[in-house]
Each structure stands twice: as C-alpha cells, then as structure tokens.
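Work through the exercises below with the model open. Try each task before reading its solution.

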Amino acid sequence: MMIPITYQEDYSEVITDRLDNGGSVSSWESFVMAYDTAQHLLVPEFKGLQCPSHLPQVDFLPHQVECAQKVIEDMNGRAILADEVGLGKTIEAGLILKEYMIRGLVKKILILAPASLVNQWVNELQQKFYIPAAAYRKGYNWDQHDIFVTSIDTAKRDGHRQQILEQHYDMVIIDEAHKLKNHKTKNYEFCQQLNKTYCLLLTATPVQNKLSELFNLVTILKPGHLGTYEQFTDHFGNHRSKLKEDAYLKQLIQHVMVRNSRQQTGLDWTKRKVQNITIDFSEEEKQVYDFLSTNKQERTSFLNLTLLRELCSSREACYMTLREQFKKEDLSENRRKFFEELASKIEQMPHHSKAKRVIELIQQEPENEKFIIFTEYRATQLYLQWFLQQHGISSVPFRGGFKRSKKDWMKQLFKQHAQVLIATEAGGEGINLQFCHNMINYDLPWNPMRLEQRIGRIHRFGQEEDVHIYNFAIKDTVEDQVLTLLYEKIQLFERVIGDLDDVLQELNISNIEEEVSSIFASSESVGEAKIKMENLSSVIAYTQQKKEQEYEARNYS
C-alpha cells in the first residue's frame, strides 16, 4: 500500500508568521503529546538509575545496579569492572551504557572484545538492552554506524586504525582488558590513543603478576591518576601485595575500580561437585612413558617435560611435537636416534586409557546429558572427536583458530544437537554455557587461574544445576603429582582463586605454572621431583592456614 506524502513548501514562512503574530503553531493534541513525551524522557536528577525502569524484562542483580550507579555517580564513567568470573560484568557495562544513552550523553560507541565474543556482545546488547549494536563487517565504514562491536586485532589493522583514531567516541568498552597489561604492545598503544569521553575496562584479573599491570590499565582510563610510571614504582614498588597493604594505593584504586566477589553478592550459587579420577596406563603406555622419563639425556629438559605431559594426553599430541623436532637442522645424531625410537614406540601404542575412561563416564549418563571436555592440545582434540564418533557420541570442536562465525556455530550446534563440546584453552574464555553442567578436565592446567576460567563457563549466575567437574590424571605421572600434591593438598577446588593469589604473593611466587614446570625440569629423578612438589605444596598449605588464622583472630577481636 502506497502512502501519499505531501510537502508544504511554505512551512517555514507559515511558522515565522504565526510566531510573529501570535498564531497557533500546532494543535492542542499535538502539543500535549509532545509534552507527555518530554516528561517521560526527563531525567529528574543525576543520582539514581533510570535504566532499570526502561528495561522491566530484565531482572538485574543488586550488585550490578550498585556497580553501574557507582561508576556513573562517583567515577565519571571511567572504570575497571573487575567482578569475579560469572557475576555479570557484561550486564554491568550494558547498564552503564544504557543509562548514559537515556541521559543523552552517549551516542557514538566502540566496543572492543575478543573475536569469539563479538556476536555475543551484539546479541546481549540488542536483546537485553535494546541497544542497536552492530558487529563490524568487511566493507563497512567506521562512521556509518553509531555502535560498533569488533576485535582489537580488526580495529588496529591498516585501513581501519586511522579511521577509528580520527573519530571521537562518547564511550569505549574493552572486554578481557587484562590482555592490555603490557604497555609496550601495539594493542595497548592503540587503545591508549582512542579519542573517548567515557571508558570501561572489563577483566576478572586486573593484576596477574606485577602491580605495574594495574598501573597500565588505569593509565588508559585516567592518565596521570597514579602519577608517572617512575613515580608509581618508586612509591609503591611492583609487588601485588601492595594493593592490600598500602592504604593510600587502595584508596586510589577504589576511585577507578569496582570488584565484587561471589561471597559479597550473597547470592545462592549451585554447588561444585568435584571428582578427581586417576587412571592406570595400559602396560604398553607405561613402557613408553618410563622410556621417556628415565632417559638420562633428556630427563632434565623442558622439551622432555612437554613430551611427558603430552603422553598423558594422547599419543597424537606427543607425536606431533616429535615431528616438529625432526624438522630442526641442529638436531644432534643422538637426539635424532632417541626421538626416532620414541616415535616408533608411540606408533605401536593402543588407544589412550584416558579416552576410554571418557567414553565410560559419558555413557553412564543419559543421552541428553551434555559435557564439555577441556584439553591442552589440538591433536588430542582431533583424536577425541574421532574416538567419540567411533562410540556413537556426537561432538563439536572449539578452538582459538576458528573464525568468529564458526565459534558461534559450534556453540549453537553444541546447545541444540551435539552431546559434547571439546575445547582447547580458547573455550575457557568469555563464552557462557550455562545450559551444560558437566565438565571434564581431560588435561589439568598447571595454572589455577586457567582452571577457574574453564569452570566459570558453566558455573556462573544463571546455572540452575549443581556443576559436576571431573579432573583426569594418569596414575604415577607428572600430572598425577600435580593433581595430588598441588590441587588436592592445598584444596584448590574448594577455595577461591583470589585467596591462593594472596598466598602466592606472600611467598613471592609470581607464576605457579612456571614454578611447577621448573621443579620437574630441574629434578634428576621422579623421586626428587616428588619431594620438591611436596615441599612446595606444604609451604603453600602452611601459609594458607596461617593467613586464615590471622583473619579469624582479627574478626574475633
């Protein structure tokens, strides 16, 4: 149906005449309608949020509303949102953004997120906040849409970088901002140069190793807030413990960062039910493992440690590393012979004992019960997908090399069709999979933060079922020692990761994964490595207990 449109060419003259001579500009009905609209959009005062009343379909949590209000009223729209994994940092950012849009203060917006999360951001903003965000596509101009979501890698490319830097953004939001911790990277330089009025940085780990990482993030938000780098390090040093020990530094950070823990929210979380499963190698597998672990030439090398860890995962993972070694021109004759013999033994190995245990575990559950399997190695991922298929179990892969659209497709296939999602470490970051509540850590990471990232994919707000976590380890191997002497002894699965961080700070351990790797690589025998691991875990456990006693004493007094 065609709607006729007519134009009144003398409209400006008519309006001018009526204004000059006191005539009616519009009908009374039109005036009342315009007045009611203005009243509805009016923000009566700066304090308090208008946004929730515009979004009655969303039940915002108290800590999310409080966070948004604090950022807007006390931080002038420049803040680090550092809630623990699963508490809804994206929701908080959406609330803040929507509030500024309602108040007419924000129109032009740039959101930078990992490529795998771009579509998730777009969907969240559109569906929950009615914000017309768009994912950047090839061929778009950066000024043709007010709200773009893209990855930093895309934004900083030649042809895009200059266009973006020439524009002024009312708000810039950067997800997984801890990746900007190094001020010498091109990503950091690009984000610092963005022309912006308001800025939000989202990260669950604002400080991972050094205090300077936090300085770098704050400098993106508010240059000069912590002084120059030299002034900052001279005054506070570079140790993470200063963040809690120095009252003045703590106060400075509180002006730019909001962090909520699960305990602080007071919410009822479903339980984590953790089961550690140790598996016996077959005789053939054990012979190959012993052949590698007792080799005098390779015993103390990091390469040997890598091969041992890979053998605990799959023969395919270990074999792929050996193939890369054969390509090296400087490979000595003795090492070449050793690697050739090892490769020959690997070729004769049966199917992996771990993979068989995965089949048993999945088959004892109903067919519609979904599982996420995490592995450290892509070769293992491919092997597991094939092995599951041989037993009639549908699965989809998820890894960092996939394009954004393929990652979204894999997630959708997993939700609607496949029983299992097999993920490398890329699956431990960003994506939300509350529709699943079973996780198998096929390969246990030696970095506790990565483990928490994995679990946070399913154990987050919105999960209605108790979460079952199965940790696999091959008996009498390096991963068994890590599971038994580290994870179990210090009760890592029952503790909050932040508590362990405090303990490691006190022991001056900046990276526990490197510490564990160093123990195995520098040990002359399995027995020596075991003693060193026992010593490490005992020191950590003792320090944990001491800090808990100090905390109880302070509260009691």
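Three exercises follow, each with a worked solution.

This is a predicted model, where local features need pLDDT of at least 70, side-chain atom pairs count only at pLDDT 80 or more, and totals for chains, interfaces and linings use all residues. Residues are numbered from 1 along each chain as its sequence is written, and side-chain values use heavy atoms, without hydrogens and water.

**Exercise 1. Take stock of the chain.**
Step 1: count the secondary structure. The chain has 26 helices and 13 strands (DSSP runs: helices are H or I, at least four residues; strands are E, at least two; numbered from the N terminus).
Step 2: check burial. Of the 557 residues, 51% count as buried (buried is under 20% relative accessible area, exposed over 50%, partly exposed in between; 1.4 Å probe, protein chains only).

**Exercise 2. Describe how H9 packs on H10.**
Step 1: locate the helices. H9 spans residues 186-193 and H10 residues 211-221.
Step 2: read the geometry. The angle is about 30 degrees, and the axes lie 8 Å apart (axes are lines fitted to C-alpha atoms over the stretch in contact; angles run from 0 to 180 degrees between N-to-C directions).
Step 3: classify. H9 is therefore roughly parallel to H10 (angles under 35 degrees).
Step 4: list the contact residues. H9 contributes Tyr188, Cys191 and Gln192; H10 contributes Asn216, Thr219 and Ile220 (contact means heavy atoms within 4.5 Å).

**Exercise 3. Place Arg335: which helix, and how accessible?**
Step 1: Arg335 sits in helix H18, residues 333-347.
Step 2: Arg335 counts as partly exposed because its relative accessibility is 25%.
Step 3: Gln325 is 10 residues away along the chain, and the two C-alpha atoms are separated by 9.5 Å.

Conventions
Angles under 35 degrees count as roughly parallel, over 145 as roughly antiparallel, 65 to 115 as roughly perpendicular and the rest as oblique.
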